[in-house]
Amino acid sequence: MTAEQKAVSGFFPGDFDSRGWGFGVGMVTHAEHPSAPVGQYGWDGGLGTIWRNDPSEQMVSILLTNAAWASPRPPEIALDFLTGAYALVGD
C-alpha cells in the first residue's frame, strides 16, 4: 500500500504505521514491540485467538483463549505469550 492509502485505511488510527496486509493476513513492516519483528505475519482473532508465523525463525505461534478481546489490538496476554516465545529462540 502507498503512504496515502495507509493514511486513510485501517481499523484504528495509525493501524498501518507498522504493518501492512498480504495474503489476507497482517504483516509486520516495522518493529514496534519484541513480540512482532519485521516479516512476521498472521491473524489476531478478536474472539480470543492469535496465530503468527515468522519465516526467519522458522516459528509458528498459536494462542487459544476463551476471552474475547476488548480492542482490535492484541491484549497484554497475547503480547506476553509472543514475547515469551521469542525469548525461547536461541540465535
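## A loop residue to start with

Gln58 sits in the loop that links strand 4 and strand 5. In this predicted model, the phi of Gln58 is near 50°, which is a positive value in a residue that is not glycine. That is worth a glance on the backbone plot, because most residues other than glycine have a negative phi. As for its surroundings, Gln58 counts as exposed because its relative accessibility is 76%.

## Strand 4 and a buried arginine

Now step back into strand 4, which covers residues 49–54 and contains Arg52. Is Arg52 buried or exposed? With a relative accessibility of 9%, Arg52 falls under the 20% cut-off and therefore counts as buried.

Who keeps Arg52 company? Leaving aside residues up to four places away in sequence, Arg52 touches Ser35, Ala36, Gln40, Tyr41, Gly42, Asp44, Met59, Val60, Ser61, Pro74 and Leu82. One of these neighbours, Asp44, forms a salt bridge with Arg52, and the closest N and O atoms are 2.9 Å apart. The side chains of the two residues are also joined by a polar contact of 2.9 Å. How many salt bridges does a search of the whole structure find? The answer is one.

## Strand 5 and its surface patch

On the other side of the Gln58 loop comes strand 5, spanning residues 59–64, where Val60 is found. Val60 counts as exposed because its relative accessibility is 53%. Together with Ile62 and Leu64, Val60 makes a nonpolar surface patch of about 320 Å². Val60 is also among the residues that Arg52 touches, so if you are following along in the viewer, it is a handy link back to the buried arginine.

## The nonpolar core

Which residues form the largest nonpolar core? There are five of them: Ile50, Leu63, Trp69, Ala78 and Leu82. Leu82 has already appeared here as one of the residues in contact with Arg52.

Leu63 is a good place to explore this core from. Not counting residues up to four places away in sequence, Leu63 touches Gly48, Thr49, Ile50, Ile77, Ala78 and Phe81. Among those contacts are Ile50 and Ala78, both of which belong to the core as well.

## Toward the N terminus

Finally, have a look at Asp17, in the loop between helix 1 (3–7) and strand 1 (19–22). Asp17 is exposed, because its relative accessible area is 59%. Measuring from C-alpha to C-alpha, Asp17 and Ala3 are 9.1 Å apart in space, while 14 residues separate them in sequence.

Terms used:
Residues numbered from 1 in each chain as written. Predicted model: local features only at pLDDT ≥ 70, side-chain atom pairs only at ≥ 80, totals over all residues. Heavy atoms only, no water. Core = buried A, V, L, I, M, F, W, Y, C linked by side-chain atoms within 4.5 Å. Buried < 20%, exposed > 50% of the residue type's maximum accessible area, 1.4 Å probe, protein only. Contact = heavy atoms within 4.5 Å. Patch = residues over 30% accessible without salt bridge, like charges linked within 9 Å, V, L, I, M, F, W, Y side chains within 5 Å. Areas by Shrake-Rupley, 256 points an atom, 1.4 Å probe, with all protein chains shown as cover. Salt bridge = Lys/Arg side-chain N within 4 Å of Asp/Glu carboxyl O. Helix = DSSP H or I, 4+ residues; strand = E, 2+ residues; numbered from the N terminus. Polar contact = N/O pair within 3.5 Å; in protein donor to acceptor, adjacent residues only side chain to side chain.
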